Amino acid sequence: MKRQGTRLLGIALALALPACATKAKGPAGGPGTDYLRGYVGQQRVLRFQGDKERVVVKRKDRPQLPGACDTAVEVRSAVLEKGGPRLVLEAIGTAGAEKARPRCRNVPATITLSLTGFGGDSGPVVGRLDQVLPTPDLYLRAYGVPFNYSAGSEPAVAAASVNQINATDVERRLEGRLTAPPRKLFWVDPIYRDPRHAVRYEGEAEIEGVVGADGRLYRTRVRGGLDKAHVAAIQRVLPMWRFEPARTGKELTPAHVLSRLIFRIY
(Lines give C-alpha, C1' and ligand atoms only; values in the text may rest on other atoms or scores of the structure.)
Protein backbone atom coordinates (compact mmCIF):
# COMPACT_ATOMS: atom_id res chain seq x y z
CA MET A 1 0.00 0.00 0.00
CA LYS A 2 2.85 2.36 0.86
CA ARG A 3 4.55 1.62 -2.45
CA GLN A 4 1.32 2.25 -4.39
CA GLY A 5 0.74 5.55 -2.55
CA THR A 6 4.29 6.70 -3.28
CA ARG A 7 3.84 5.86 -6.98
CA LEU A 8 0.57 7.80 -7.17
CA LEU A 9 2.15 10.81 -5.44
CA GLY A 10 5.04 10.79 -7.93
CA ILE A 11 2.63 10.75 -10.88
CA ALA A 12 0.65 13.66 -9.42
CA LEU A 13 3.81 15.72 -8.94
CA ALA A 14 5.01 14.96 -12.46
CA LEU A 15 1.71 16.21 -13.88
CA ALA A 16 1.63 19.31 -11.69
CA LEU A 17 5.18 20.53 -12.33
CA PRO A 18 4.82 21.22 -16.09
CA ALA A 19 1.60 23.12 -15.42
CA CYS A 20 3.36 25.28 -12.85
CA ALA A 21 6.28 25.87 -15.18
CA THR A 22 3.94 26.96 -17.97
CA LYS A 23 2.19 29.37 -15.64
CA ALA A 24 5.46 30.99 -14.64
CA LYS A 25 6.13 32.00 -18.25
CA GLY A 26 3.32 34.59 -18.28
CA PRO A 27 4.04 38.35 -18.27
CA ALA A 28 5.61 39.48 -15.02
CA GLY A 29 3.57 42.69 -14.85
CA GLY A 30 0.03 41.53 -15.55
CA PRO A 31 -2.41 38.86 -16.75
CA GLY A 32 -1.77 38.99 -20.52
CA THR A 33 -4.27 41.18 -22.34
CA ASP A 34 -6.92 40.96 -19.60
CA TYR A 35 -6.17 44.45 -18.29
CA LEU A 36 -6.81 45.91 -21.77
CA ARG A 37 -10.32 44.49 -22.10
CA GLY A 38 -11.70 47.02 -19.65
CA TYR A 39 -10.76 49.89 -21.97
CA VAL A 40 -12.93 48.66 -24.84
CA GLY A 41 -16.16 50.66 -24.99
CA GLN A 42 -14.88 53.38 -22.65
CA GLN A 43 -15.15 57.05 -23.56
CA ARG A 44 -11.92 58.90 -22.86
CA VAL A 45 -9.87 61.89 -24.05
CA LEU A 46 -6.87 61.52 -26.33
CA ARG A 47 -4.67 64.40 -25.21
CA PHE A 48 -2.36 66.56 -27.32
CA GLN A 49 -2.45 64.60 -30.60
CA GLY A 50 -6.15 64.04 -31.24
CA ASP A 51 -5.88 65.41 -34.79
CA LYS A 52 -3.53 62.65 -35.98
CA GLU A 53 -4.52 59.31 -37.50
CA ARG A 54 -1.64 57.47 -35.84
CA VAL A 55 -0.14 58.28 -32.45
CA VAL A 56 2.92 56.43 -31.15
CA VAL A 57 3.93 56.90 -27.51
CA LYS A 58 7.31 55.58 -26.44
CA ARG A 59 8.09 54.62 -22.88
CA LYS A 60 10.89 57.21 -22.74
CA ASP A 61 8.66 60.08 -23.98
CA ARG A 62 7.84 62.95 -21.64
CA PRO A 63 4.33 62.98 -20.08
CA GLN A 64 3.24 65.96 -22.19
CA LEU A 65 3.43 65.13 -25.87
CA PRO A 66 3.75 67.80 -28.55
CA GLY A 67 0.43 69.05 -29.89
CA ALA A 68 -2.62 71.00 -28.72
CA CYS A 69 -5.63 68.90 -29.79
CA ASP A 70 -7.63 67.02 -27.16
CA THR A 71 -10.20 64.72 -28.74
CA ALA A 72 -12.99 62.76 -27.07
CA VAL A 73 -12.86 59.15 -28.24
CA GLU A 74 -14.47 55.78 -27.73
CA VAL A 75 -12.15 52.79 -27.54
CA ARG A 76 -13.16 50.31 -30.25
CA SER A 77 -10.45 47.68 -29.70
CA ALA A 78 -7.32 47.06 -27.63
CA VAL A 79 -4.70 44.39 -28.34
CA LEU A 80 -1.28 43.61 -26.91
CA GLU A 81 1.52 43.56 -29.45
CA LYS A 82 5.24 42.83 -29.02
CA GLY A 83 6.26 46.24 -27.70
CA GLY A 84 3.02 47.21 -25.95
CA PRO A 85 -0.70 47.80 -26.53
CA ARG A 86 -2.39 49.12 -29.65
CA LEU A 87 -5.79 50.79 -29.30
CA VAL A 88 -8.16 51.78 -32.08
CA LEU A 89 -10.12 54.90 -31.14
CA GLU A 90 -13.22 56.41 -32.71
CA ALA A 91 -13.27 60.22 -32.51
CA ILE A 92 -16.64 61.44 -31.18
CA GLY A 93 -15.93 65.10 -30.38
CA THR A 94 -13.47 67.73 -29.20
CA ALA A 95 -12.86 68.17 -25.48
CA GLY A 96 -12.92 71.41 -23.51
CA ALA A 97 -12.55 72.53 -19.91
CA GLU A 98 -12.34 75.69 -17.85
CA LYS A 99 -8.55 75.63 -17.80
CA ALA A 100 -7.97 73.96 -21.17
CA ARG A 101 -8.60 75.38 -24.61
CA PRO A 102 -7.57 72.67 -27.09
CA ARG A 103 -6.94 73.65 -30.70
CA CYS A 104 -7.81 71.00 -33.24
CA ARG A 105 -7.51 70.94 -37.00
CA ASN A 106 -9.48 68.28 -38.87
CA VAL A 107 -10.08 65.36 -36.53
CA PRO A 108 -9.81 61.92 -38.20
CA ALA A 109 -12.68 59.48 -37.80
CA THR A 110 -10.39 56.74 -36.47
CA ILE A 111 -7.13 57.08 -34.54
CA THR A 112 -4.63 54.33 -33.77
CA LEU A 113 -2.78 54.74 -30.46
CA SER A 114 0.29 52.55 -29.94
CA LEU A 115 2.49 52.35 -26.84
CA THR A 116 5.97 50.96 -27.45
CA GLY A 117 8.77 49.79 -25.21
CA PHE A 118 6.45 48.46 -22.50
CA GLY A 119 6.24 44.77 -23.40
CA GLY A 120 3.83 42.86 -21.18
CA ASP A 121 4.39 45.00 -18.09
CA SER A 122 0.84 46.22 -17.36
CA GLY A 123 1.59 48.61 -14.46
CA PRO A 124 3.50 51.27 -16.41
CA VAL A 125 1.15 50.80 -19.39
CA VAL A 126 -1.95 51.62 -17.35
CA GLY A 127 -0.25 54.66 -15.81
CA ARG A 128 0.83 55.94 -19.24
CA LEU A 129 -2.60 55.34 -20.75
CA ASP A 130 -4.19 57.35 -17.96
CA GLN A 131 -1.87 60.24 -18.89
CA VAL A 132 -2.35 60.12 -22.66
CA LEU A 133 -5.91 58.75 -22.65
CA PRO A 134 -7.52 59.95 -19.39
CA THR A 135 -11.11 59.69 -18.25
CA PRO A 136 -12.95 63.03 -17.90
CA ASP A 137 -12.21 62.97 -14.16
CA LEU A 138 -8.47 62.41 -14.70
CA TYR A 139 -8.45 65.03 -17.46
CA LEU A 140 -9.77 67.65 -15.04
CA ARG A 141 -7.25 66.58 -12.41
CA ALA A 142 -4.41 67.08 -14.91
CA TYR A 143 -5.42 70.76 -15.09
CA GLY A 144 -5.65 71.13 -11.33
CA VAL A 145 -9.45 70.84 -11.13
CA PRO A 146 -10.41 68.26 -8.49
CA PHE A 147 -13.46 66.18 -9.34
CA ASN A 148 -14.10 63.60 -6.65
CA TYR A 149 -17.79 62.83 -7.08
CA SER A 150 -18.51 59.13 -7.56
CA ALA A 151 -21.21 58.26 -10.07
CA GLY A 152 -24.62 58.06 -8.42
CA SER A 153 -28.17 57.47 -9.57
CA GLU A 154 -30.60 59.69 -11.43
CA PRO A 155 -32.18 62.21 -9.04
CA ALA A 156 -35.95 62.13 -8.63
CA VAL A 157 -36.24 65.86 -7.82
CA ALA A 158 -34.11 68.72 -9.14
CA ALA A 159 -34.20 72.49 -8.68
CA ALA A 160 -35.85 74.17 -11.67
CA SER A 161 -36.54 77.73 -12.79
CA VAL A 162 -40.03 79.05 -13.53
CA ASN A 163 -39.26 78.73 -17.24
CA GLN A 164 -38.47 75.03 -16.99
CA ILE A 165 -41.12 72.99 -18.82
CA ASN A 166 -42.83 70.28 -16.73
CA ALA A 167 -41.12 71.41 -13.50
CA THR A 168 -43.07 70.73 -10.31
CA ASP A 169 -43.85 73.31 -7.61
CA VAL A 170 -41.41 71.52 -5.31
CA GLU A 171 -38.61 71.85 -7.88
CA ARG A 172 -39.33 75.55 -8.42
CA ARG A 173 -39.25 76.23 -4.68
CA LEU A 174 -35.98 74.32 -4.47
CA GLU A 175 -34.52 76.63 -7.12
CA GLY A 176 -35.19 79.62 -4.89
CA ARG A 177 -33.11 78.10 -2.09
CA LEU A 178 -29.99 77.47 -4.21
CA THR A 179 -26.89 79.36 -3.14
CA ALA A 180 -24.85 78.31 -6.21
CA PRO A 181 -26.01 77.00 -9.62
CA PRO A 182 -24.29 74.14 -11.48
CA ARG A 183 -21.00 75.11 -13.16
CA LYS A 184 -19.73 73.38 -16.27
CA LEU A 185 -16.21 71.99 -15.78
CA PHE A 186 -15.68 69.62 -18.71
CA TRP A 187 -17.59 69.25 -21.96
CA VAL A 188 -17.39 67.65 -25.38
CA ASP A 189 -18.47 69.33 -28.61
CA PRO A 190 -19.74 66.42 -30.73
CA ILE A 191 -18.73 65.43 -34.25
CA TYR A 192 -21.02 63.73 -36.75
CA ARG A 193 -19.67 62.02 -39.87
CA ASP A 194 -22.01 62.47 -42.81
CA PRO A 195 -22.11 59.04 -44.53
CA ARG A 196 -22.66 60.72 -47.92
CA HIS A 197 -19.87 63.27 -47.35
CA ALA A 198 -22.29 65.85 -48.73
CA VAL A 199 -22.71 68.12 -45.71
CA ARG A 200 -20.19 70.21 -43.77
CA TYR A 201 -21.61 72.27 -40.93
CA GLU A 202 -20.62 73.96 -37.69
CA GLY A 203 -23.12 75.65 -35.41
CA GLU A 204 -24.54 75.82 -31.90
CA ALA A 205 -27.07 73.44 -30.39
CA GLU A 206 -28.87 73.75 -27.06
CA ILE A 207 -29.29 70.96 -24.56
CA GLU A 208 -31.14 70.66 -21.29
CA GLY A 209 -30.81 68.15 -18.51
CA VAL A 210 -30.39 67.60 -14.80
CA VAL A 211 -27.02 67.89 -13.08
CA GLY A 212 -27.00 65.38 -10.26
CA ALA A 213 -25.22 65.73 -6.93
CA ASP A 214 -22.50 63.61 -8.60
CA GLY A 215 -21.82 66.30 -11.22
CA ARG A 216 -23.12 64.22 -14.13
CA LEU A 217 -25.94 64.86 -16.58
CA TYR A 218 -29.27 63.03 -16.46
CA ARG A 219 -32.54 63.26 -18.41
CA THR A 220 -30.88 65.10 -21.27
CA ARG A 221 -32.79 66.51 -24.23
CA VAL A 222 -31.51 68.20 -27.38
CA ARG A 223 -33.57 71.23 -28.30
CA GLY A 224 -34.41 72.19 -31.87
CA GLY A 225 -35.37 70.32 -35.00
CA LEU A 226 -32.24 68.27 -35.62
CA ASP A 227 -32.30 64.93 -37.44
CA LYS A 228 -32.37 61.76 -35.32
CA ALA A 229 -28.81 60.88 -36.35
CA HIS A 230 -27.58 64.33 -35.28
CA VAL A 231 -29.41 64.12 -31.96
CA ALA A 232 -27.87 60.68 -31.37
CA ALA A 233 -24.37 62.06 -32.01
CA ILE A 234 -24.97 64.80 -29.44
CA GLN A 235 -26.52 62.48 -26.85
CA ARG A 236 -23.59 60.11 -27.23
CA VAL A 237 -21.06 62.56 -25.76
CA LEU A 238 -23.19 63.95 -22.92
CA PRO A 239 -22.29 61.18 -20.40
CA MET A 240 -18.73 62.55 -20.52
CA TRP A 241 -19.72 66.04 -19.34
CA ARG A 242 -18.84 67.06 -15.79
CA PHE A 243 -20.22 69.87 -13.61
CA GLU A 244 -19.61 71.31 -10.20
CA PRO A 245 -23.01 70.48 -8.70
CA ALA A 246 -25.43 73.14 -7.48
CA ARG A 247 -25.50 73.83 -3.76
CA THR A 248 -27.94 74.81 -1.10
CA GLY A 249 -25.54 76.09 1.53
CA LYS A 250 -23.02 73.25 1.86
CA GLU A 251 -25.43 70.63 0.56
CA LEU A 252 -25.06 69.35 -3.01
CA THR A 253 -28.38 69.75 -4.80
CA PRO A 254 -29.55 68.29 -8.16
CA ALA A 255 -30.58 71.07 -10.54
CA HIS A 256 -31.87 71.55 -14.07
CA VAL A 257 -29.46 73.16 -16.50
CA LEU A 258 -29.50 74.65 -19.98
CA SER A 259 -26.27 74.68 -21.95
CA ARG A 260 -24.93 75.17 -25.45
CA LEU A 261 -22.38 73.24 -27.46
CA ILE A 262 -20.70 73.41 -30.86
CA PHE A 263 -21.97 70.72 -33.22
CA ARG A 264 -19.83 69.82 -36.22
CA ILE A 265 -20.76 67.74 -39.25
CA TYR A 266 -17.88 66.51 -41.41
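Residues are taken as buried when their relative accessible area is under 20%. In this predicted model, helix H3 (residues 122-132) has as its buried residues Ser-122, Val-125, Arg-128, Leu-129 and Val-132. Viewed along the axis of H3, these residues lie within an arc of 130°, and they therefore line one face of the helix. Their packing partners are helix H2 (34-37) together with four strands, namely S1 (43-46), S2 (54-58), S4 (85-97) and S5 (110-116).

The largest nonpolar core contains 32 residues. Within this core, the members that touch the most other members are Phe-186, Ile-207, Leu-217, Trp-241 and Leu-261. At least two core residues are supplied by each of S4, H4, strand S6 (183-192), strand S7 (201-211), strand S8 (217-222), helix H6 (228-237) and strand S12 (255-265). Strand S6 provides the largest share, with 5 residues. A second core, separate from this one, has 21 residues, including Phe-48, Leu-65, Val-73 and Val-125. Val-125 is also one of the buried residues of H3.

The surroundings of Leu-261 were examined further. With residues up to four places away in sequence left out, Leu-261 touches Asp-189, Pro-190, Gly-203, Glu-204, Ala-205, Ile-207, Ile-234, Leu-238 and Trp-241. Among these contacts, Ile-207 and Trp-241 also belong to the group of core members that touch the most others.

The whole structure holds 18 salt bridges. One of them joins the side chains of Asp-51 and Arg-105, with an N to O distance of 3.5 Å. Asp-51 is in the loop between S1 and S2, while Arg-105 is in the loop between S4 and S5, and the pair links distant parts of the chain, 54 residues apart. The two partners fall into opposite accessibility classes: Asp-51 has a relative accessible area of 15% and is therefore buried, whereas Arg-105 is exposed because its relative accessibility is 60%.

A salt bridge also connects Arg-236 and Glu-90, whose closest N and O atoms are 2.9 Å apart. Because Arg-236 lies in helix H6 and Glu-90 in strand S4, this pair ties together parts that are 146 residues apart in sequence. Arg-236 counts as partly exposed at 27% relative accessibility, and Glu-90 is partly exposed with a relative accessible area of 25%. Both residues take part in a network of salt bridges that also links Glu-74 and Arg-76.

In a further salt bridge, the side chains of Arg-242 and Asp-137 meet at 2.8 Å, N to O. Arg-242 is located in strand S9 (residues 242-244) and Asp-137 in helix H4, so the bridge ties together parts 105 residues apart in sequence. Helix H4 spans residues 136-142. Both Arg-242 and Asp-137 are buried. For Asp-137, the relative accessibility is 16%, which means that the residue counts as buried. When residues up to four places away in sequence are not counted, the contacts of Asp-137 are Phe-147, Arg-216 and Arg-242. The salt-bridge partner Arg-242 is thus among the residues that Asp-137 touches.

Key:
Residues numbered from 1 in each chain as written. Predicted model: local features only at pLDDT ≥ 70, side-chain atom pairs only at ≥ 80, totals over all residues. Heavy atoms only, no water. Buried < 20%, exposed > 50% of the residue type's maximum accessible area, 1.4 Å probe, protein only. Contact = heavy atoms within 4.5 Å. Arc of directions from axis to C-beta. Core = buried A, V, L, I, M, F, W, Y, C linked by side-chain atoms within 4.5 Å. Salt bridge = Lys/Arg side-chain N within 4 Å of Asp/Glu carboxyl O.
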